[in-house]
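Colleague: Before we discuss this model, I should like each term to be justified by its criterion. Please show me the entry.

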Amino acid sequence: MKFAVIVFPGSNCDRDMYHAVKNVLGMEADLVWHEHSNLENYDAVLLPGGFSYGDYLRSGAIASASGVMQQIRAHAEAGKPILGVCNGFQILLEAGLLPGVMLPNKHLSFMCHHEALAVANHETPFTTNYEQGKVIHLPIAHGEGNYFADDETLSALKKNNQIVFTYENNPNGSAADIAGIINSDGNVLGMMPHPERAVEKLLGSDDGIRLFQSLIENWRDAYAVNA
Amino acid sequence: MKKVTIHIMPKQGVLDPQNKAIQTSLNALGFSEVEDVQTGKLVELFVKDHAEIDKRVGDMCDKLLANPVMEDYHFEVEEAART
């Protein structure tokens with residue numbers, strides 16, 4: 001399985017993401033500069049965290065208007081997996097690939113620590129290796145992770161089981177304790193916590209590794225049964 | 001040449017936590033009459049004359065300058081002297 005880690009000016013978790021899939025999971029992976037990207041030969045797209053374009057205008061807004069987004073949209077429409085973490089999640093929201101928006105954290109502070117999350121839907125291609133309701137620990141690092149959507153959108157997310165991760169002790173004011181959501185087709189996941197920074201015990205937690213393992217196993221089941 | 005002034009404000013019901021902080025600060029400075037604060041963005045564009053300028057600027061706001069999930073906008077267009 002081949003992963004593209006998209007790099008924008010200001011991305012700063014790109015190498016963490018690359019390390020996780022390449023060195024820890026042993027997959028093929030490339031760091032792909034947003035201007036030279038041809039995503040046709042990749043099976044999955046990873047949008048890393050950071051401060052793309054300095055968070056100018058709104059977090060993720062400028063990156064969401066970048067040329068690579070057309071290819072990312074095509075990748076999404078083809079049903080291929082896309083994972084956006086932190087700023088990557090904000091970019092997916094700004095691009096309209098996921099519903100809602102991020103507001104500044106309730107108490108205005110930038111937060112950087114481990115949080116307990118519940119796996120609210122373990123039937124997505126990203127979460128089958130977790131038990132339903134399992135509490136996992138992943139690091140968060142954001143100033144704008146306060147998820148907001150109107151009531152109609154929130155009820156649709158709940159009804160369609162699109163809420164994938166919820167905070168056990170909501171740190172930032174997110175509506176419905178949302179830490180991560182998936183699109184209705186089930187192939188685009190956005191989350192504020194960082195699974196790629198929790199793939200080795202040395203990092204304080206390896207709870208994130210199952211997310212990548214789920215993705216790889218489900219991809220093999222779907223595309224590489226006889227390969 | 002036209003000057004376009006765009007005002008972008010959070011929608012009603014979207015709580016921007018900095019507003020509360022600004023209000024508390026103003027109250028603490030003795031401006032006890034301040035009961036609410038709303039902050040937003042002001043964007044000025046200088047654009048070539050275009051037959052559909054209102055529609056074009058609306059598209060700019062919808063596609064990039066504002067996020068319609070959380071923000072409303074309005075704008076004014078006026079003549080600008082060429083520089």
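Colleague: Which residue is the bridge partner of A:Ile181 in β11(A)?

Modeller: The partner of A:Ile181 is A:Gly190. This is a predicted model, in which local features need pLDDT of at least 70, side-chain atom pairs count only at pLDDT 80 or more, and totals for chains, interfaces and linings use all residues. Residues are numbered from 1 along each chain as its sequence is written, while chains are lettered from A and ligands numbered from 1 in the order in which they are written.

Colleague: What makes β10 and β11 of chain A a pair?

Modeller: Two strands pair if DSSP finds at least two bridges between them; strands are DSSP runs of E with at least two residues, helices are runs of H or I with at least four, and both are numbered from the N terminus. Strand β10 (residues 178–182) and strand β11 (residues 188–191) of chain A have three bridges, in the antiparallel sense, so the criterion is met.

Colleague: Which strands of the nine-stranded sheet in chain A are called edge strands, and why?

Modeller: The open sheet has the order β2-β1-β3-β4-β11-β10-β9-β6-β7, with mixed pairing. Its edge strands are β2 (28–33) and β7 (135–142) of chain A, as each pairs on one side only.

Colleague: Why is A:Tyr53 called buried, and why is A:Leu57 called partly exposed?

Modeller: A residue is buried if 20 or more other C-beta atoms, placed from the backbone, lie within 10 Å of its own, exposed if 12 or fewer, and partly exposed in between. A:Tyr53 has 20 such neighbours and therefore counts as buried. A:Leu57 has 18 and therefore counts as partly exposed. A:Tyr53 lies in the loop between β3 (44–47) and α2 (61–64) of chain A, and A:Leu57 is found in the loop between β3 and α2 of chain A.

Colleague: What is notable about phi in A:Tyr53 and in A:Leu57?

Modeller: Most residues other than glycine have a negative phi. For A:Tyr53, phi is positive, near 50°; for A:Leu57, also not a glycine, phi is positive at about 70°.

Colleague: Why do β2 and β3 of chain B stand at the edges of their sheet?

Modeller: That open sheet has the order β2-β1-β3, with antiparallel pairing. β2 (41–47) and β3 (71–79) of chain B each have a single partner strand, so one side of each is left without a neighbour in the sheet.

Colleague: How many residues are in contact between chains A and B?

Modeller: Contact requires C-beta atoms, placed from the backbone, within 7 Å. By that criterion, 11 residues of chain A are in contact with 10 residues of chain B.

How values were computed: Contact = placed C-beta atoms within 7 Å.
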